[in-house]
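Hi everyone, thanks for making time for this. Let me put the structure up on the screen, and then we can walk through a few of its features together.

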Amino acid sequence: MEGNEVSLNDLRGQIVFIDFWASWCPFCLKEMVEIEEFSDKYDDVVVLGIHRSESETIDDVSSFLEETGVTYPILLDSEGEVFGAYSGGRPLMPLAYVLDKDGVIKERLFGPKTVDQMEAIINSLIDSYE
């Protein structure tokens with residue numbers, strides 16, 4: 001949101017949870033509460049929300065985030081290129097990915113997610129490192 005670029009290469013060595021969302025997607029909005037709770041519980045997991053902002057301004061997104069109280073990092077995909085690369089062009093929302101410490105995609109999740117679902121996936125991945 002501050003205009004800085006984020007590279008997954010810079011996050012190597014950490015488990016990363018990426019969630020693609022848009023404010024016009026009711027399922028995305030519902031799960032943001034779940035993702036916020038999950039993010040608060042797992043300090044050792046990088047949680048990133050990527051907003052499909054082709055049709056909304058930064059001010060619109062900022063206002064929305066202030067209203068909802070979301071605190072995990074939100075990145076902007078202003079042209080939809082990142083979403084297109086990850087979704088293969090399919091308009092499925094919400095869409096999430098879990099990457100391991102080597103940057104390898106371990107899970108792809110379609111539709112709304114719960115804290116319990118996210119925790120099960122992450123705990124399984126964390127256990128594989130022990």
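Let me start with a question: are Cys 25 and Cys 28 buried or exposed? Both of them are buried. Please keep in mind throughout that this is a predicted model.

Those two cysteines are worth a little more time. Cys 25 and Cys 28 form a disulfide, with 2.5 Å between their sulfur atoms. A disulfide is a covalent bond between the sulfur atoms of two cysteines. If you rotate the view to look along the S-S bond, you'll find an angle of 80° about it, and the link of Cys 25 and Cys 28 is right-handed. Searching the whole structure turns up 1 disulfide.

Now on to the charged side chains. Side chains of opposite charge can pair when their charged atoms come close. How many salt bridges does the structure hold? There are 5 salt bridges, and I'll take you through some of them.

Take Lys 113 and Glu 31 to begin with: they form a salt bridge whose closest N and O atoms are 2.9 Å apart. This pair links distant parts of the chain, 82 residues apart, with Lys 113 in the loop between strand 5 (105-110) and helix 4 (115-129) and Glu 31 in helix 1, residues 26-41. Both Lys 113 and Glu 31 are buried. Asp 19 comes into the picture too, since a network of salt bridges links Asp 19, Glu 31 and Lys 113.

Staying in helix 1, have a look at Glu 37 and Lys 41, which both lie in that helix, 4 residues apart, or about one turn. Their side chains meet in a salt bridge at 3.7 Å, N to O. How does the accessibility come out here? Glu 37 has 37% relative accessibility, so it counts as partly exposed. Lys 41 is at 47%, and therefore counts as partly exposed as well.

Then there is a pair made by Lys 106 and Asp 100, whose side chains meet in a salt bridge at 3.9 Å, N to O. Why does Asp 100 count as buried? Because its relative accessibility is 6%, and the cut-off for buried is under 20%. Lys 106, with a relative accessible area of 45%, is partly exposed.

Let's turn to the strands. Strand 1 (residues 15-21) and strand 2 run parallel, and 7 bridges join them. If you want a place to start tracing that pairing, Ile 15 stands opposite Val 45 in strand 2. Strand 2 itself is mostly covered, with 8 of its 8 residues buried. Both of its faces are covered: one side has Val 45, Val 47, Gly 49 and His 51, the other has Val 46, Leu 48, Ile 50 and Arg 52, and all of these are buried.

Last topic: the open space. Rolling a probe the size of a water molecule over the atoms shows where empty space is left. The largest pocket holds about 510 Å³ of space. It is lined by 22 residues, and the closest to its centre are Val 6, Leu 75, Leu 76, Asp 77 and Val 82. Which elements each supply at least two residues of that lining? They are strand 2 (45-52), strand 3 (74-77) and helix 3 (81-87). For anyone thinking about the chemistry, the lining of the largest pocket divides into 11 nonpolar, 5 polar and 6 charged residues.

That's my tour, and I'm happy to take questions.

Key. Residues are numbered from 1 along each chain as its sequence is written. This is a predicted model: local features need pLDDT of at least 70, side-chain atom pairs count only at pLDDT 80 or more; totals for chains, interfaces and linings use all residues. Side-chain values use heavy atoms; hydrogens and water are left out. A disulfide is a pair of cysteine sulfur atoms within 2.5 Å. Buried means under 20% relative accessible area, exposed over 50%, partly exposed in between (1.4 Å probe, protein chains only). On a 1 Å grid over the protein atoms alone, a cavity is a set of points where a 1.4 Å probe fits but cannot get out, and a pocket is an open set with protein on both sides within 12 Å along at least five of seven lines; lining residues have an atom within 4 Å of a point. Grid points are joined across faces, edges and corners, and a volume is the space filled by probe spheres set on the points. Ala, Val, Leu, Ile, Met, Phe, Trp, Tyr, Cys and Pro count as nonpolar, Asp, Glu, Lys and Arg as charged, and the others, Gly among them, as polar. A salt bridge is a side-chain nitrogen of Lys or Arg within 4 Å of a carboxyl oxygen of Asp or Glu. Two strands pair if DSSP finds at least two bridges between them.
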